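Thank you all for coming; I would like to take a few minutes to walk through the sheets and helix packing of one model. Please have it open while I talk.

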Amino acid sequence: MGGVKNVILQGEKITRIFCQGKVEIKVLDEIDIKIFEKDFTVIMGPSGAGKSTLLYMLGGMDHISEGHVFYRDKEISSFAESRMGRLRAEEFGFVFQQTHLVSNLTLLENILVAGYVSKKDSAEKVRERAENLLRQMDVEEAKNRLPYQVSGGEAQRAAIARAMIGTPGLLFADEPTGALNQANTREVLNLLSDLNRKGQSILMVTHDLRAAARGNRILYLEDGKICDELALKPYNEMEEKQRERDVSQWLSGLRW
Amino acid sequence: MENLMIIRAGMKRHKGSLFGIAILMFLTALFLNVVLMTAFSGNSYIREEMERAGFGDLTAWTADVPDMEFLLESIREQEGVEDAKVQRLIFSEYEANGVESDSEGQMIPWISAEIGISTRSRYHFFENSLSEYAKAPKEIGEQEVYVSPSMKSMMDLEPGDIITFPIARGGRNLSLTVAGYYEDPFMGSSMIGMKGFLVSEKTYEKILSVIEDSGMDALARNGSMIHIETAEGITVSEMNRVLTTNKPLSMYTEFIHSAETIAGFMVILQNAFSALFAAFAVVLLGAALVVMGHSISGLVEQEWKNFGILKTIGFTGKQLAGQVMMQYMAAVGSGVMLGMLLAVLISGQISRMMVTTTGVLLPIRFPLLPCMGVLIILLLLSAGFCVLCLGRLGRISPMAVIRRECEGQTECGRNLCGNKRWNGKRGFIQRADARMRRKKVSAKHMGYGTGFPAIRAKGLTFHLALRQVLTGRKRYISACLVAGMLVFFASLTGRINDWLGVDGKGMMDAFNPADLDLGVQVLGKIPAQEMEQVVLSYTDITDSYMLAMPSVSVNGTNYTANVITEPERFHISAGKTCREKNEVVLTEMLAADLGAEAGELVTIRGNKGSREFRISGIYHCANDMGANLGMSREGYLSIGEDDSRLWCYHYFLSDPSRKQALTEKLEQVYGGDVYVHENSWPGLLGIISAMHLLIFFLYGVSVIFVCIVTGMAGARILDTERKDIGIYKSIGCSVEMLRLSFALRFGLVSAVGAVIGTLAAVGFTDVIVSSVMQLAGISNFASGNTPGSILFPGLTVTFLFLGFAWLLAGRIRKGDMNVLTAE
């Protein structure tokens, strides 16, 4: 990751206020953030810190109360619904904790629909790419099954394949291993690391130390503000234990 | 107490669905009660008024009676006759607003003391607005005339308009100004061609003297109605038979009708429309029950977990079912009660709207027993439906409910049970898997393992909609069924409308014994050839025949005979036409009245003699409520006197568009000496406009139904699919695409319903409508089959569902994607 990094996504003074009756709760407080191209950026923080909220603000999945978000220097926070939809289809990929596959579509169809919506390639190419992704994610066997017929790991890998079908500029992942067992968690994290190694920019929210250790840049969010940041070398399996210790030590310093 | 708390909470939570059910039941109850009130009030009012006004069990119309006292006495002497009263009148053609009458009008003097009957108490008068009664005028002016409100629909007659009566040749016409409207319970309906006109006694006397002075040149005739009361135990048909053999009466009688027949004519239109409305109300009831069933299923699915929790704290399945049932019954009950109450107001309004068609202002009475019957039936049906839909609550154990086993099993808020079936040891398996295994369908074409059509890039929106419909069939079944029912009824009505045609040709064909373009009856001494030359100067005559309609008695009872020079023109439905001199054809109704069949003999008497005729076949003609017969000219002349004035020349023109100009020319040249008519009559306009009103109303109610059904089913679907919508948005699907896809689902299911409804209409319209039309004597209903009548209702209902679903799906725009957030 040497040289000057390009900013792919930038947030300026992002504020999010939720109203509960007459009470206003400021979840994000004027956050300035930059996400760099080809980075595996991780946002950590205690529960309720606003990690997912920040992720969805940056991904245009939710409206921001104040501030601006720029994707490749274009302000996307002012995009109309239809333009935002195009951006999500062409440039962003999302992976959620609960997988969120459409339950009456097979794994393959879930991926195909996303590919068709992105309209980047012909239907044949989308299908070819979907098959490749399923193979790459090791869920080819289960491709014709409905989401409830596969394991959580398989579903999440299919969800990653769906997020990747449109060759997104940035992959957003919200606790992608939160609902998985240990074996499946490792599989999913390996996939994300592989993708990043191949140049995929990733922005992931997690409170799992081992998941965070996959990133090369970790931001710590607390009380609606980014309190600290840890820079790591790109992920290397051989150094995994050391990375986890470094992250753990850093988090201890933040009283996590 | 605890039940009440849960019921209250449930009603609060499901207020949208319950409100929808209440509205559907309100509309259904409103329709049913309006039909009942209008039909019951109309039928009873007409009979009461006829009795009050002194019209007898039988009425004979007579003309040129030299000694009325002698005639009355001879009638009174008949066995079974209790009394006979005369009401004097003058028969005359009339013309107003450029429209000529198609049958003679009857000018009735408004006098205080006739022979036993005072016309002053006989008739009610209307305000000019026709919305209520007015005080009877002190006197009717010599230049004034009062007409039936149906003249407004038939000839567009309004107070101040002029009616011209040709009293005698040589231009001796009488022009009277319409002073107002009166209620004629005897001939007021627009379905009755002969019309009464109330004139002053002085005017009546003046006309009589003109008739006497004119001698042979008189066009109007001195006539009377003799109202005959029969003794108890004597049937009207027996009496009719006796009177037609009474020599003095039969000499002067033009026609005799029973009170029953007259009342039937008076309410024929109202009864026909009541039958149509009643059928529509039944369709609405079916639709309302389907929606209620769907709504209950949705509620059970939504509340499955809560039911489980309530079961763990001691509630039984029956109690839970009872609580849900109470919520629905409260909605149904309030809707039905409100519908009943409002029906009184609506019925009154309808009565006022119909006054120009029925000729009478029907009072709205509340038929307690039938209306209570409707209330009880609606409540029982609804309760039965609830019990049927809620029965499954009792069969599930509390833990199974909480675990969401079997019914209501959900994942991400989606019901998957509809997609599963039980497969022994393997438990529930995907229906699609099972289907795939059974059919061994290629994965490429069948959705990669789902057994459903594949999702394709081209038409992605449609394919997604189709998949949602196929995987969630139960959710859309109510929309499909309701669409089917509405389309069926709309198609049925549309096909009746097509049969009527723009100019009412369908109905005219039903009433005419044979087709025609133009009919000319020569009343004066004009040679028919000369009149034909006038016709030929406008357009060629492609074909012609002559028709007369004298009165004859068949086996002793009077009927109208359609006597034709070319019997092959009769519309024959069974057997063959009456080509031979000793053959007749009967309508289906007359054959049933006489209990006679083709091949049997009947005795027919004319004004010259009588003899036996063989029934050669059955034909269609709805005149006289369908009770008439057809004869050849030769056949009739063997029992009846010939008279040139009997015959009407019916022409087929090479250029029928010249009919109007030709009619005007003939009237200009021959004045009152000819009577020209087309294949139409003024009352038809009223029927056609009433039909259009019905269709307009029907589509209006259908719009409300579609709106409610889409709203109820769609809102629930949108609620359960919040996450799916979020997912689709997260992968870049635009709101517009998702809206369209949602709307397409309803479009698809309603299209399926529309196809079923259209096919049902094609298959059953004629059977159903024929049975209703037979009440009006029309036995040959064959619905119209234009592409419009076939496709329009289905397309309309489908687009309505599509449109309302699209509007409802506007909620997708507001959908919050936080539904996908893990935190």
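I will go through the two sheets of chain A, and then through two pairs of helices.

Before that, a word on conventions: this is a predicted model, in which local features need pLDDT of at least 70 and side-chain atom pairs count only at pLDDT 80 or more, while totals for chains, interfaces and linings use all residues. Residues are numbered from 1 along each chain as its sequence is written, chains are lettered from A and ligands numbered from 1 in the order in which they are written, and side-chain values use heavy atoms, with hydrogens and water left out.

Helices (H or I, at least four residues) and strands (E, at least two) are DSSP runs, numbered from the N terminus, and two strands pair if DSSP finds at least two bridges between them. Let me start with the open sheet of four strands in chain A, which has the order β2-β1-β4-β5 and antiparallel pairing. Its edges are β2 (23-36) and β5 (74-75) of chain A, each of which has a single partner strand, so one side of each is left without a neighbour in the sheet. Strand β1 (residues 7-20) of chain A pairs with β2(A) in the antiparallel sense over ten bridges; within that pairing, A:L28 is the bridge partner of A:R16, and A:G11 stands opposite A:I33. The hairpin of β1(A) and β2(A) has two residues between the strands, and in it A:G21 takes a positive phi near 70°. With β4(A), β1(A) pairs in the antiparallel sense over five bridges, and there A:E12 stands opposite A:H68.

The second sheet is also open, with six strands in the order β6-β7-β8-β3-β9-β10 (chain A) and mixed pairing. Here β6 (92-95) and β10 (225-231) of chain A stand at the edges with a single partner strand each, so one side of each is left without a neighbour in the sheet. From one strand to the next, the twist averages 20°, where angles run from 0 to 180 degrees between N-to-C directions and axes are lines fitted to C-alpha atoms, for helices over the stretch in contact. Strands β3 (residues 40-44) and β9 (residues 217-222) of chain A pair in the parallel sense over four bridges, with A:V42 opposite A:I218. Helix α5 (residues 152-164) of chain A packs on this sheet, touching β6 and β7 of chain A, and its direction makes about 170° with that of β6(A); contact means heavy atoms within 4.5 Å.

Now to the helices, and to chain B. The axes of α11 (residues 317-358) and α12 (residues 368-390) of chain B come within 10 Å and cross at roughly 155°. That makes α11(B) roughly antiparallel to α12(B), a term that covers angles over 145 degrees. By class, their contact has 18 nonpolar, two polar and no charged residues.

Which helices pack between chain A and chain B at an angle of about 150°? They are α3 (residues 107-118) of chain A and α15 (residues 460-471) of chain B, with their axes 11 Å apart, and they are therefore roughly antiparallel to each other. In this contact A:E109, A:V113, A:Y116 and A:V117 meet B:L460, B:L464 and B:R467. By class, the contact of α3(A) with α15(B) has five nonpolar, no polar and two charged residues, where Ala, Val, Leu, Ile, Met, Phe, Trp, Tyr, Cys and Pro count as nonpolar, Asp, Glu, Lys and Arg as charged, and the others, Gly among them, as polar.

Terms used:
Parallel < 35°, antiparallel > 145°, perpendicular 65-115°, else oblique.
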